[in-house]
Every structure is written in structure tokens, then in C-alpha cells.
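Got the viewer open? Here is a short tour, stop by stop, with something to select at each one.

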Amino acid sequence: METRDFDVVVVGGGLVGCSLACALAPLGLSVGLVDAGGGPPPLAADPRKLALAAASLNALSRLGVLARLATPPTPIERLLVSREGDFGVLEVAARDAGREAFGGVVLAGDLGAALQAAVAARPGVVAVRGTASPGGAVTDGWRTLDIRPVAGDPAAAAERWRARLVVAADGTASPLRAAAGIGVDTHDYGQTLIVTSVRMGGAVPGMAYERLTSTGPCALLPMAGGRHGALMGVASDDAAAVMALDDRAFAEAFQRRAGWRAGAVREVGARSAWPLRRVVAAALVAERLVLVGNAAQTIHPIGAQGFNLGLRDALSLVDVLAEARAGGTADAGDTAVLAAYVERRRVDRDETLAFSDGLARATASESPLHRVGRSLGFVAMNLDAGLRAGFVAGAMGFRGRVPTLARDVA
């Protein structure tokens with residue numbers, strides 16, 4: 001079996017893993033990327049609608065990914081947030097924060113295709129589709145992986161890859177995380193997110209709508225061509241019945257949940273269903289191993305923080321590795337590098353986890369006390385510019401120590 005040596009091997013060819021490979025390439029590191037899912041590339045078929053925060057757009061633009069999108073991101077210029085049955089709404093405009101937009105909306109499949117093209121164009125990145133399994137204990141400063149490609153070539157040989165640092169970007173179930181003995185804290189929200197696209201009769205251009213309910217968010221994200229990405233949380237026990245509705249019945253159900261602020265539902269697209277669970281790793285690192293993205297934390301989609309948080313994981317690791325090399329540390333898996341990564345992610349990760357989980361649980365409650373508290377919260381946010389500024393900064397991804405590639409040019 002042939003052995004290859006790398007500074008960094010990224011296991012997981014999803015959105016975060018591909019973003020990391022793109023960002024690592026300019027550092028002069030030898031980088032390997034394994035799509036641990038195997039089979040045909042799954043990214044281009046991903047039906048999700050992603051709200052990319054301003055910080056994420058900054059980074060993806062600098063990585064040359066946005067220029068490869070089939071359709072540019074649709075700007076989110078205004079946000080309108082309400083809670084079913086509660087008093088008051090929160091409406092904020094990007095121009096009030098001195099910005100053109102809070103972020104932009106893309107199809108996950110389009111972003112995945114753009115990222116794969118960007119990876120293919122990066123010299124120095126060796127990318128394969130296949131499986132990666134631990135090849136034994138860490139020895140002599142190397143973590144070993146057994147790679148079995150499934151690129152369609154029946155003669156493709158298995159290889160052994162050794163890396164100074166392995167990055168687990170292999171998803172919520174993360175085999176690498178489990179193999180390293182890192183436990184997880186799991187919470188099932190009892191909700192399923194139905195994802196589709198719709199046409200609305202009275203939506204304000206550039207406005208994103210989020211209506212919070214006891215079974216999850218009901219959101220409308222502006223998209224190209226006058227359509228909206230539509231997301232509706234339902235009780236998991238009801239998900240199969242909702243998915244089985246014909247388009248007319250589903251449109252009526254969505255209208256009841258979303259309300260009429262964006263007008264009437266005119267048209268409904270294909271639907272997909274995603275169970276909602278919180279899975280948070282007990283540690284971000286092990287010996288010569290780092291967790292990023294969903295392998296590190298899978299969170300509730302309320303507030304659209306998931307991919308944006310995972311991307312900041314990847315970009316923060318790039319910063320830490322760049323600083324280590326500038327300081328004379330060539331070993332990407334050095335214990336000081338791993339410790340720096342954990343500290344770099346502490347504030348952003350902790351605050352985002354608390355925001356996402358706290359908001360998901362608080363807005364699901366139907367207790368009169370929570371209703372009053374939520375309504376007073378809307379009033380306070382509308383009256384206090386400081387509270388709004390903190391909310392807006394978090395929504396745009398500017399929380400904690402912002403990664404270099406994600407920062408504004410100014």
C-alpha cells in the first residue's frame with residue numbers, strides 16, 4: 001500500500017471541508033481532502049437554501065468561490081422577526097447599520113458546486129472521493145488514515161495517508177470524532193424542518209421574514225427570480241403527514257404558519273425534510289485531530305447560524321496555522337497549535353451555541369410567562385439601538401475574534 005505524507009488532511013468534502021481546503025492552499029501546506037461520503041458528488045444536489053452572513057460572503061469572495069456561483073447571492077437588506085401569538089415584531093434594515101446587506105441567500109447545491117470547482121483549481125490540494133478510516137494509533141507525530149477511493153476507477157488502489165494534522169469535517173455522525181473517543185451532548189428538539197421554495201404575492205424585495213412558533217421557525221429567504229426559500233418547522237410526529245400533502249394543501253398550511261406579512265403563497269416547489277437535533281462535541285481537539293463544522297457542533301437552524309459557524313471554525317484554523325508558521329512552528333498538529341485553535345473558537349462558539357439553543361427552546365414555549373418575556377424583548381430591541389447592534393453583528397457573523405478572511409476590507 002502506497003503511503004503519502006501531508007501537513008493537513010481534511011476528511012469531509014462538504015461545504016465546510018471544501019472551504020477549508022481552499023483556504024489552506026495559499027499557506028504553502030501540503031493538503032489532502034477526502035470526501036468521506038463516497039459515491040457521486042452530493043453537494044450539487046443539496047436542496048437547502050442558505051443564508052450566508054456578511055462575514056461568510058467576505059471569506060467566500062476572497063477565496064474566489066462567489067465568482068463561480070451560477071447565480072450570485074440574493075442580498076438580505078431587511079429582517080423582520082415575529083413570534084406566532086406574541087405582541088410586537090422586530091424589523092431592522094441593513095442601511096441603519098451602515099451596510100448594503102446583512103448577507104445573501106444561495107442554494108446549497110450551487111455553493112457546493114462552486115466550492116468543488118474552486119478546490120479542483122487549487123494547486124497543492126490532493127482531493128479524492130472515498131472513505132477514510134483510522135489506520136492505527138498516532139505514532140512519531142503522524143496520524144494515519146487508510147484511504148479507499150471510489151472515484152469510478154475500478155483499478156484505483158487503496159492508499160495510506162499520514163498527516164501532521166487531521167481535520168474532521170465529516171458531519172454530525174463524525175466517524176473520526178467517535179474513533180478519537182470524543183463524546184457528544186445530544187438534544188432532540190422533536191422538530192423537523194421542511195425546506196422548499198415558494199412565490200409570495202406581497203413580499204418586500206430584499207426582506208427576510210422569520211416567524212417563530214412552538215414547533216420551530218417559519219422563514220422566507222429572498223432568492224433570485226422573485227422566489228423565496230421557505231422553511232417551516234413542524235413537530236416530528238407530524239412531518240410525514242405534512243410531506244404527503246399536495247401542493248395546495250401545503251401552501252395553505254404554510255400560509256397559516258407564516259401569516260400574511262409577505263402576502264399570499266402563489267406557488268410551491270419540491271420539498272425535503274430535515275430532523276432537528278443539537279449535537280455538540282465535548283472537545284474540539286484530540287492528538288493531531290481537530291473538529292470543524294457539524295463534527296464539532298450541529299445546531300438548530302433558527303437564526304441561520306449553522307454553516308456560518310462551521311465556516312468560521314475552518315477560517316479560524318487557517319489563521320492559527322498561518323500564525324504558527326509565521327512564528328516558526330512548521331508542525332500543523334503541534335499541541336500549542338491545537339490549544340490556540342480551541343481558545344480562538346471559545347467566544348464565538350460558546351455565544352452562538354447559547355444563542356441558537358436558547359432561542360430555539362424559549363420560542364418553542366407556550367407558557368404565559370415566556371409569551372410576556374418574548375413580547376417585552378421585541379419592545380426592548382426596537383427601542384434600544386445597542387441591543388439591535390449586538391443582534392445585527394451576531395447575525396452578520398462578526399462575533400468574537402473574527403477570522404482574517406471574514407473581516408470587512410476596511
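**Stop one: around Leu24**

Select Leu24 and show what surrounds it: leaving aside neighbours within four places in sequence, Leu24 is in contact (heavy atoms within 4.5 Å) with Val8, Val10, Leu29, Val31, Val318 and Leu321. Before you click on, note that this is a predicted model, where local features need pLDDT of at least 70, side-chain atom pairs count only at pLDDT 80 or more, and totals for chains, interfaces and linings use all residues. Residues are numbered from 1 along each chain as its sequence is written, and side-chain values use heavy atoms, with hydrogens and water left out.

Now widen the selection. Leu24 belongs to the largest nonpolar core, which has 70 residues. Such a core is a set of buried Ala, Val, Leu, Ile, Met, Phe, Trp, Tyr and Cys residues joined through side-chain atoms within 4.5 Å; buried means under 20% relative accessible area with a 1.4 Å probe, protein chains only. Val8, Leu24, Leu111, Leu165 and Leu321 touch the most other members. Colour helix α7, residues 306–326, as well: its 9 residues are the biggest contribution to this core. (Helices are DSSP runs of H or I, at least four residues, and strands are runs of E, at least two, numbered from the N terminus.)

Apart from that core lies another, of 24 residues, including Ala51, Leu90, Ile302 and Ala360.

**Stop two: strand β2**

Pick residues 31–35. That's β2, and 5 of its 5 residues are buried, so the strand is largely enclosed by the rest of the structure. Turn on side chains: Val31, Leu33 and Asp35 point one way, Gly32 and Val34 the other.

Next, add the strands that pair with β2 (pairing takes at least two DSSP bridges between them). Strand β1, residues 2–11, runs parallel to β2, joined by 4 bridges. Strand β8, residues 125–134, is also parallel to β2, over 5 bridges. Zoom in on Gly32: Val9 is its bridge partner in β1, and Val126 is its partner in β8.

**Stop three: strand β13**

Jump to residues 216–222. Here 7 of the 7 residues of β13 are buried, so this strand too is largely enclosed by the rest of the structure. Strand β12, residues 207–213, is antiparallel to β13, with 5 bridges, and the two form a hairpin with 2 residues between them. Add β14, residues 227–235, which pairs with β13 in the antiparallel sense over 5 bridges.

Which residue stands opposite Cys218 in β13? That is Arg211. In β14, the bridge partner of Cys218 is Met232.

Finish at Gly225, in the hairpin of β13 and β14 with its 4 residues between the strands: Gly225 takes a positive phi near 75°.

Technical notes:
Buried means under 20% relative accessible area, exposed over 50%, partly exposed in between (1.4 Å probe, protein chains only).
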